[in-house]
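Please open the structure in a viewer and follow the stops below in order. Each stop names a selection and then describes what is found there.

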Amino acid sequence: MLEPIRQKAKEILEKKEADGVLGLRKGLWDVIHPHVFTTPEEIDALVLEPKWLLAKMARAILREKPRSYRLAVAVRGCDERALVELIKRNQIDHERLLTIGYACDGGQAKACLCSRPYPQKLDAGSAVEGVDPLADERVKAYLEGDAGERMEKWTAQLKRCIKCYGCRNSCPICVCVPCKLEDDVWVERGVIPAEMVSFHHIRAFHLSDTCVACGACQEACPVGIPLMTLQLSMRAALKKEYHYEAGLDANRKSPVLFDFEKEPRPGQDVPDWVDSMGKKP
Amino acid sequence: MSADRGNVKILVFACRWCGLIGADGAGRKRIELPSSFRVIPVDCAGYVEPDAVIRAFASGATGVAVLGCHVGGCRFNDANHPALKRLEMLKTLLDTTGIGGNRLLLGFGTAHESHQYADMIVDFHRELEGLPSMASWLSPGQ
Amino acid sequence: MSKISLFLCNCFGEIGKVIDLESLKKRLETDPAVESITIVDSLCMPGDAAKAQVLIRERGIGKVLIGGCSPYGKMEFVKLGLAKEGTDIRTVRTVDLREGCAWIHGKDPEGATRKAANQLEMELALLQNMRDSKDVAIGLQQEALVIGAGPAGLSAASGLARLGFKSHLVDRGSAPGGLLNVITKTYPTDEPGPEKIKSLVDETGNNPLIRFYAKTKVSSVKGYAGDFKVKLAGPGGDTALRVGAVVLATGARILFPQKMYGYGKIKNVITQMEMERRFATGALNCKRAVFIQCVGARSADRPYCSTICCPLSLKNAMRIVDETPGAMAYVLHRDIMTPGSLLEAYYRKALQKGVQFIRFDADRPPEVRGQEQVSGVEVFDTISGVNRVIESDLLVLSTPFIPDPESAALAGMFDIPVDKYGFYSEGYPIHPLETRNDGIFICGTARWPVSSDQAIAQGEAAAMKAASFLGKNTVSALTMSRVPGGKLGHASADAAACTGCGNCVAVCPYKACRLQRMGNRSVSRVIKVRCKSCGNCISVCPNGAMQMPEQNYRVTGEIIRRAFREVR
């Protein structure tokens, strides 16, 4: 899989389709780090592992460079979805972006609980079947039981939070400056662990219709809180009610932003103003 | 876990076209209600930020009610539709974490009538009394 | 920061008998933002109101908080009265202590007092932290554009002219008059159609305040209420206009009943409009005419009643009976709709003249007899329960009004919604001539099927609505609101914090948010005149860059924190 990707990257640079290719490079002492390749000769150092989301980095590079600069990014499934979400939110100009997509293997998909371990534009590798995260034991444990049991499980997890903001910083879609999580109005300052209700719920809710389930937040969490699990039921609800999944179509905005006429729930009849009068729900 | 009797705190976001008029009507009819709720008047249910609802729970409210107009009868060009969608999404999140979506009451489409308003407040108060205490969420207990 | 003076109204003991006002006063006096607390007996009475006014004037205090009855009680009037002293009405806030507290917690005085204190403190937080959203005033173009020169459009233009406003009357046809031009007789007065609007048509030629554009269409629209920039495309080239308000009176069409009752295949199966044309040319020659009502109307896909077809059939049936000796007219109907005293009398007149009425069922529609020429109609009479065959040499189909195919494009241009059939729909049911887009008014059959009389009346009403809007020199963004007394403020985006995600642009029901390029990123900008302060943009903004200064996020946060605060 590595060779076709290198080939593709070389082609892009030779044909000057892009000014640079963003990918991982095996550098001095075999240290792997993100790098913008600018010459075809350099490409031989391009590697694909480990999983390292480059979407936010691509945004930063494109903002820095002049508007004529075009960037190609070597992406896996989740990274591509994150890029789509960033394009949707006007963070990246889609005309300045190229992707070289490669699929993850089954092991990676299982480790990430990924339901779509492949990009839509696949350049190398073959797509493996995804995993249903809601059927996995690790996730199920947190979503089962009555409210009291879940409350116990979640408070036990969240009280270990050291408020390092790793979840926010590693998220490929969190780009707001300033951030509500740093504001005294929403989250009490100088309190550790972070206020459990406000900090975690606000963070999770802000990503409700944007989360691409890459798992970066929980990989970054130093105390191992299963943060992605918080998003899964909201993702499932969006999929069920509006047939919407984040990161697939840059032209479809979140259905939560529109009224029922524009984004109806399938099967739901929008009541007429007159119809709804005097009706007890 | 012990029930939350005697510690019910309801924050009501009432839209001034429906919810607030319902509240006014309940007052004029002298319907006796529990004094456990506080009302925040807003111009439209669209004004109710999900973050504000979360902040209310974090600040000690045990229940939040959002009272808006009929779906389809909003004064602001269906501005209450996205509000309803957002808050339903928030309910899903609250259900996941165990705070419970039933602590968030969405009264879209009924609140104009004062008796329904009163019923809603009384029923919600009674329901919250039976729910487990939220104390473990608020004090991390090192 | 100016301090706040607080008035607690006792309401002749209605509030004081439940809520302990003295302890409330003691508790609130500790708040550093409060300058003074005055307990009065009744703020709505002249004596106490004057006392409050004197206090406000003496101290020159900017912000006032009143605890009293609900805003739906007397509080709006009290606010207006206090605002006369020069205080900005937006800094006079009230808290509902009577309906919202004393009257519903009569059995729990302690809880009621606690609640009253909390509610007052919450409102104090708002007064303390509110910022002023700068009002924007735009110059108003005191001219109107009226699209469509049918009865509704003509009367709208004439109404505006009578009120002294210049209007541009645009029609795609070559002469004003619309559908009425082809009607030789109108119901119920039997006045010829052109005669009915003659004075209005003459006015378009004579009145200098009305400018008529024949064979002209609207090609583009920009701007917002008070200042629309409209481009017209006509035979004389393009015209650019700047108008303050727009009246849409584009009318409707009559449905052609293709493939119904042999229309288009069998000779002498015609529509009501063709009948009018035959009357006009004198080509009508029939002995036994049959009218079928509700053709293509009150059905599953077009469930509405078109209002005009029943009186129209009555008129034409009577005309046949009157003009041709020995002629017969049959009206096959599902229900005769003749509301009001005039039309009901018209129906009785038709009965007296011998017009036959036969009721049929929607499930068993009449059947046409004859191959090339109509020879008769077979119908099941639901009242007598028998199948009847009526010999006939003319079959007239009463078809309903349907929206004009061009009105959808216009609706898109002016950013107003159409209902599920394609007629323009009003912004809110109790404001029937106004649309969701300010400054755009609808009237006539473009809105809903109406008779010419109703269309003329609606045109005048729309002219009044437009005139009341145009009658100012400037438009202030704060008054552009459905809220009586103006809105509290409008949203504004903090350009430094805005990430340009476009959520507000997607969610805004008034299209008030726009994305603007700023350096290497885009930021949101609010068109203040369009904003109605529904707050959706504020709720979807991920980092609080979008705020309404009056009720900003600091206010919200502080209100929520104070909601259940206990006494210190």
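**A tour of the predicted model**

Begin by selecting Tyr261(C), which lies in the loop between β13 (252–254) and β14 of chain C. The model is a predicted one. The phi of Tyr261(C) is near 50 degrees, a positive value in a residue that is not glycine. Tyr261(C) counts as buried because 20 other C-beta atoms lie within 10 Å.

Next, select the open sheet of chain C, in which five strands follow the order β14-β21-β15-β16-β17 with parallel pairing. At its edges are β14 (269–271) and β17 (356–359) of chain C, each of which pairs on one side only. From one strand to the next, the twist averages 25 degrees.

Within this sheet, select β16 (residues 328–333) of chain C, which is joined to the parallel β17(C) by four bridges. Here Leu332(C) stands opposite Ile358(C) of β17(C).

Add helix α9 (residues 272–281) of chain C, which packs on the sheet and touches β14 and β21 (394–397) of that chain. Its direction makes about 95 degrees with that of β14(C). Then add helix α10 (residues 309–323) of chain C, which also packs on the sheet, where it touches β15 (288–292), β16 and β21. The direction of α10(C) makes about 160 degrees with that of β16(C).

Move to Thr307(C), in the loop between β15 and α10 of chain C. Although not a glycine, Thr307(C) has a positive phi of about 70 degrees.

Finally, select Pro50(A), in the loop between β3 (46–47) and α2 (55–64) of chain A. The peptide bond leading to Pro50(A) from Glu49(A) is cis.

Definitions and conventions:
Residues are numbered from 1 along each chain as its sequence is written. Chains are lettered from A and ligands numbered from 1 in the order in which they are written. This is a predicted model: local features need pLDDT of at least 70, side-chain atom pairs count only at pLDDT 80 or more; totals for chains, interfaces and linings use all residues. Two strands pair if DSSP finds at least two bridges between them. Helices (H or I, at least four residues) and strands (E, at least two) are DSSP runs, numbered from the N terminus. Axes are lines fitted to C-alpha atoms, for helices over the stretch in contact, and angles run from 0 to 180 degrees between N-to-C directions. Two residues are in contact if their C-beta atoms, placed from the backbone, lie within 7 Å. A residue is buried if 20 or more other C-beta atoms lie within 10 Å of its own, exposed if 12 or fewer, and partly exposed in between; C-beta atoms are placed from the backbone.
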